[in-house]
Amino acid sequence: LEETWSKKTTHEGKEWRGPLQFENSETGSDLMMLETDMALVQDAQMKQYVELYAKDEARFMKDFAAAWIKLQELGVRRFHG
């Protein structure tokens, strides 16, 4: 959460032509973030949840499981494609 992200412009020495991505050019790590990921940390209301779940993986798993079950109970059956 404390890393500095910049728009990806190159990949393996060539111009990046893929979807909008952000990378941590300071560390040179393979980690990247999509535009949707950036929105979660830039929005103050959402960032509180990002920070909460970053500190407490068990809480994330518990809340995720509850949301998944609720989706299934509401009849959602198609999750991809």
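**The largest pocket and the helices around it**

Let me begin with the pocket: sorted by class, the residues that line the largest pocket are seven nonpolar, no polar and three charged. I should say at once that what we have in front of us is a predicted model, and everything I describe this morning is computed from it. The volume of this largest pocket comes to about 200 Å³, and its lining is made up of Leu-1, Glu-3, Trp-5, Met-32, Met-33, Asp-37, Leu-40, Val-41, Lys-47 and Val-50. If we ask which elements give two or more residues to that lining, they are S5, helix H1, which spans 35–42, and H2. Of the contributors, H1 gives the most, with three residues.

Let me stay for a moment with Leu-1, one of the lining residues, which sits in the segment before strand S1, at 6–7. Once residues up to four places away in sequence are set aside, Leu-1 touches Val-41, Val-50, Glu-51 and Ala-54. Between the C-alpha atoms of Leu-1 and Leu-74, which are 73 residues apart along the chain, the separation is 33 Å.

Now to the helices. In general, a pair of packed helices is described by the angle between the two axes and by the distance between them. How do H1 and H2 cross? Their axes come within 5 Å and cross at roughly 95°, which means that H1 is roughly perpendicular to H2. The residues that meet here are Leu-40, Val-41 and Gln-42 from H1, and Ala-44, Met-46, Lys-47 and Val-50 from H2. By class, this contact of H1 with H2 has five nonpolar, one polar and one charged residues.

Moving along the chain, helix H2, residues 44–55, also packs with helix H3, residues 57–73, and here the axes come within 5 Å and cross at roughly 115°. Angles of 65 to 115 degrees count as roughly perpendicular, and so H2 is placed as roughly perpendicular to H3. On the H2 side the contact is made by Leu-52, Tyr-53 and Lys-55, and on the H3 side by Glu-57, Arg-59, Phe-60 and Asp-63. The classes in the contact of H2 with H3 are three nonpolar, no polar and four charged residues.

I would like to turn next to three single residues in the strands and loops, beginning with Gln-21, which is found in strand S4. Is Gln-21 buried or exposed? Its relative accessibility is 10%, and therefore Gln-21 counts as buried. Apart from neighbours within four places in sequence, Gln-21 is in contact with Ser-6, Lys-7, Lys-8, Trp-16, Met-32, Met-33 and Leu-34. As for Met-32, eleven residues from Gln-21 along the chain, the two C-alpha atoms are separated by 6.7 Å.

Asn-24 belongs to the loop between strand S4, at 21–23, and strand S5, at 32–34. Asn-24 counts as buried because its relative accessibility is 3%, and, with neighbours within four places in sequence left aside, Asn-24 is in contact with Glu-3, Thr-4, Trp-5, Ser-29 and Leu-31.

The last residue is Glu-12, in the loop between strand S2, at 10–11, and strand S3, at 14–15. Glu-12 counts as exposed because its relative accessibility is 73%. What stands out in its backbone is a positive phi of about 50°, although Glu-12 is not a glycine. Most residues other than glycine have a negative phi.

Technical notes
Residues are numbered from 1 along each chain as its sequence is written. This is a predicted model: local features need pLDDT of at least 70, side-chain atom pairs count only at pLDDT 80 or more; totals for chains, interfaces and linings use all residues. Side-chain values use heavy atoms; hydrogens and water are left out. Axes are lines fitted to C-alpha atoms, for helices over the stretch in contact, and angles run from 0 to 180 degrees between N-to-C directions. Helices (H or I, at least four residues) and strands (E, at least two) are DSSP runs, numbered from the N terminus. Angles under 35 degrees count as roughly parallel, over 145 as roughly antiparallel, 65 to 115 as roughly perpendicular and the rest as oblique. Contact means heavy atoms within 4.5 Å. Ala, Val, Leu, Ile, Met, Phe, Trp, Tyr, Cys and Pro count as nonpolar, Asp, Glu, Lys and Arg as charged, and the others, Gly among them, as polar. Buried means under 20% relative accessible area, exposed over 50%, partly exposed in between (1.4 Å probe, protein chains only). On a 1 Å grid over the protein atoms alone, a cavity is a set of points where a 1.4 Å probe fits but cannot get out, and a pocket is an open set with protein on both sides within 12 Å along at least five of seven lines; lining residues have an atom within 4 Å of a point. Grid points are joined across faces, edges and corners, and a volume is the space filled by probe spheres set on the points.
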